[in-house]
Amino acid sequence: MELTLTKPERRLYMAFMYVAFISLFIGGLMGLLQTLVRSGEFTLPWGIDYYQILTVHGVILGLVLTTFFIIGFQYALMGKTVGISKKQLRWGWVSFWVMTIGTTTTAITILLGKASVLYTFYAPLKAHPAFYIGLALVIVGSWIAAIVNFRQFYLWKKAHPDEKSPLLAFMVVINMIMWFIATLGVAAAVLIQFIPWSLGFTNSINVLLSRTLFWYFGHPLVYFWLLPAYMAWYAILPKVIGGKIFSDSLARFSFILFLFFSIPVGLHHQLTEPGLDSTWKFIQVVLTFMVVIPSLMTAFSMFATFEITGRKKGYGGLFGWLRHLPWKDVRFLAPFIGMLAFIPGGAGGLINASYQVNTIVHNTIWVTGHFHLTAATTVVLTFFGISYWLIPHLTGRKLTKSVNRLGIIQTFVWTLGMLIMSGAMHIQGLTGGPRRSSYSEYGGTEQAAEWGAYQMAQAVGGSILFIAIILMVYIFIKMAFFAPKGDEEFPIAQEELDAQPTPKWTENWKLWIAITILLIIFAYTVPLFDVIQNAPPGSVPFDWPIGNS
Ligand code: HAS
Ligand code: CU
């Protein structure tokens, strides 16, 4: 059963989208500037610091664009499948404003040059207290959204005692449980460590503890981005291509596995860090390979959906089914290219996670290449794919042929830019090129010319990407304000009529949360205990110089 979104609802969901697309523009502009600086051909004007724009880029795209888009999209999915009450809607607005005030506070500190600490805000880099307070508000706002979603789901379950929950609502709840448990780590670091330290109440900070708490959150953060894309792949794309959901149970089971294995793996970002025992690093490496499984299940499920739908339409042969796919429909094309990008993107992830191999790529610009394939291509192209129907649906307009065509061009421009930029990053990373660095020269060695070429390629890719961003912002404005009035479909796929019923155990929430917590306790108790117990006295009692300021 699908519900109709009311006018007040649509306004709330659109509010999140406005912030998301404004962020896309600002963050994308910073990305362009970064690649230009790294090319060695351009110096930032007005004394602006490289690390300042790098911080804007990471925070605005990695944390703000994603969180706003995801929470807005998830609210829309919940409104469509289980409904939202007037009271919940009010709390929805509270979540929006708390997040927006937090974002603004953080943004101001970065723009004033008081928080050039990058999106990971590693201590001993120190920002103005308002930076951390703003971040804390964004997290609190997202918690309010999580609680609203849980409540929506709970009330629906109570009203429909013997029915299975709508798949998309189930997925949203999983993602928000994961997010809630994960953000406890970063909230602890911010509230207990960073805020007192930046206010001057304490004059030292346990660096390793803060980084460990950050990555306890940082890995599930990337799955918090990925899962909404998977929601669209599992439950929306089949409708767009004229098919059915491949397997409701498989989709639910893969999300449950994501809940279990997304969190107890953060140490794979700290494999080269001293002070953490290698046994526990190894254990988390093994758990990281566990979290690959639900992605492989997803790949399998996507192929199956495409093939079954194609055969039903009468396309035979080994690859005949590829031909039936609606290549000219941007709602399909953009996410599909996202999937393609995830093949090398995921493979790169496996390389990163392979413990010793990590020493080759860690802290090189290879990692930047990796997350521009996964986050900035797989996830972002899927989010764009969603926007092409969601924005007009929310504003009561139509996705016109010409916007569709522009969207296809946008998708290709984006893909081309990312191929060039991310490809050059991967290669330069393998030759040791550092990440998080404005270095554009490598003093007098034979690598100078080679790196110069890669960095030039990154600037070319970055410029192409910026054109794609301008196109996307234009498309957004068009769909939000100028497209002809009409009713754009909110595509939600159905199961086959003769599908096997989904087993009841998939909704054993208490058990899923208990297993999740047990796995976290198992993976993190000893490492955290070590880090606290063996902290050097008075870890870092000075202000770290930031950038070249
Ligand atoms: Fe990662 C670093 C390991 C996935 C994002 N990652 C990062 C950072 C970010 C990030 C932002 O182990 C940098 C953080 C920082 O600032 O330091 N990553 C992995 C692994 C996976 C993975 C094992 N990462 C992601 C995703 C991200 C993301 C998803 C964002 C959305 N990553 C690492 C590690 C590091 C790391 C280390 C630390 C590196 C270091 O040293 O600092 C896995 O989840 C990947 C599994 C995925 C697959 C692919 C399945 C393919 C599918 C597509 C099917 C295609 C179809 C179409 C159906 C195995 C589902 C086909 C059609 C045809 C016609 C062919
Ligand atoms: Cu990770």
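Helices in this talk are DSSP runs of H or I, at least four residues each, numbered from the N terminus. By that numbering, His 370 sits in helix α12. The structure is a predicted model, and the values I quote are computed from it.

I start with His 370 and the metal. The iron atom of ligand 1 takes a single donor from the protein, and that donor is NE2 of His 370, at 2.2 Å. There is a second metal to mention: the copper ion, ligand 2, is 4.6 Å from the iron atom of ligand 1.

Now the surroundings of ligand 1. The shell around ligand 1 holds 37 residues, and the closest are Tyr 119, Tyr 223, His 362, His 370 and Arg 435. Which helices supply at least two residues each to that shell? They are α6, residues 207–235; α9, residues 278–312; α10, residues 330–353; and α12, residues 365–395. Of the contributors, α10 gives the most, with 9 residues. Sorted by class, the shell has 24 nonpolar, 11 polar and 2 charged residues.

Next, polar contacts to ligand 1. Two tyrosines come up here. The side chain of Tyr 223 has an N or O atom 2.3 Å from an oxygen atom of ligand 1. For the side chain of Tyr 119, the corresponding distance to a ligand 1 oxygen is 2.8 Å. The backbone contributes as well: a polar backbone atom of Ala 353 lies 3.1 Å from an oxygen atom of ligand 1.

Then some backbone geometry. Most residues other than glycine have a negative phi, and most peptide bonds are trans. Three places in this model depart from that pattern, and I take them in sequence order.

Phe 121 is in the loop between α3 and α4. Its phi is near 30°, positive, and the residue is not a glycine. Is Phe 121 buried or exposed? Buried means under 20% relative accessible area, and Phe 121 has 4% relative accessibility, so it counts as buried.

Pro 124 is in the loop between α3, residues 86–111, and α4, residues 129–159. The peptide bond leading into it from Ala 123 is cis, with omega near 5°.

Asn 363 is in the loop between α11, residues 358–361, and α12. Here phi is positive again, about 60°, in a residue that is not a glycine. The relative accessibility of Asn 363 is 40%, so this residue counts as partly exposed.

Last, the internal space. How many cavities of 30 Å³ or more are there? The count comes to 3. The largest cavity has about 230 Å³ of space. It is lined by 20 residues, and the closest to its centre are Leu 63, Leu 135, Val 138, Ile 139 and Phe 217. The elements giving two or more residues to this lining are α2, residues 50–81; α3; α4; α5, residues 167–198; and α6. The largest share, 5 residues, comes from α2. By class, the lining has 16 nonpolar and 4 polar residues, with no charged ones.

One link between the two parts: α6 supplies at least two residues to the shell around ligand 1, and α6 also gives two or more to the lining of the largest cavity.

To go back to the metal: the single protein donor to the iron atom of ligand 1 is His 370, and His 370 belongs to helix α12. That is all from me.

How values were computed: Residues numbered from 1 in each chain as written. Chains lettered and ligands numbered in written order. Predicted model: local features only at pLDDT ≥ 70, side-chain atom pairs only at ≥ 80, totals over all residues. Heavy atoms only, no water. Near = heavy atom within 4 Å. Polar contact = N/O pair within 3.5 Å; in protein donor to acceptor, adjacent residues only side chain to side chain. Nonpolar A, V, L, I, M, F, W, Y, C, P; charged D, E, K, R; others polar. Buried < 20%, exposed > 50% of the residue type's maximum accessible area, 1.4 Å probe, protein only. Donors = N, O, S within 2.8 Å, 3.2 Å for Na, K, Ca; no water. 1 Å grid on protein atoms, 1.4 Å probe; cavity = no way out; pocket = protein on both sides within 12 Å on 5 of 7 lines; lining within 4 Å. Points joined across faces, edges and corners; volume = space filled by probe spheres on them.
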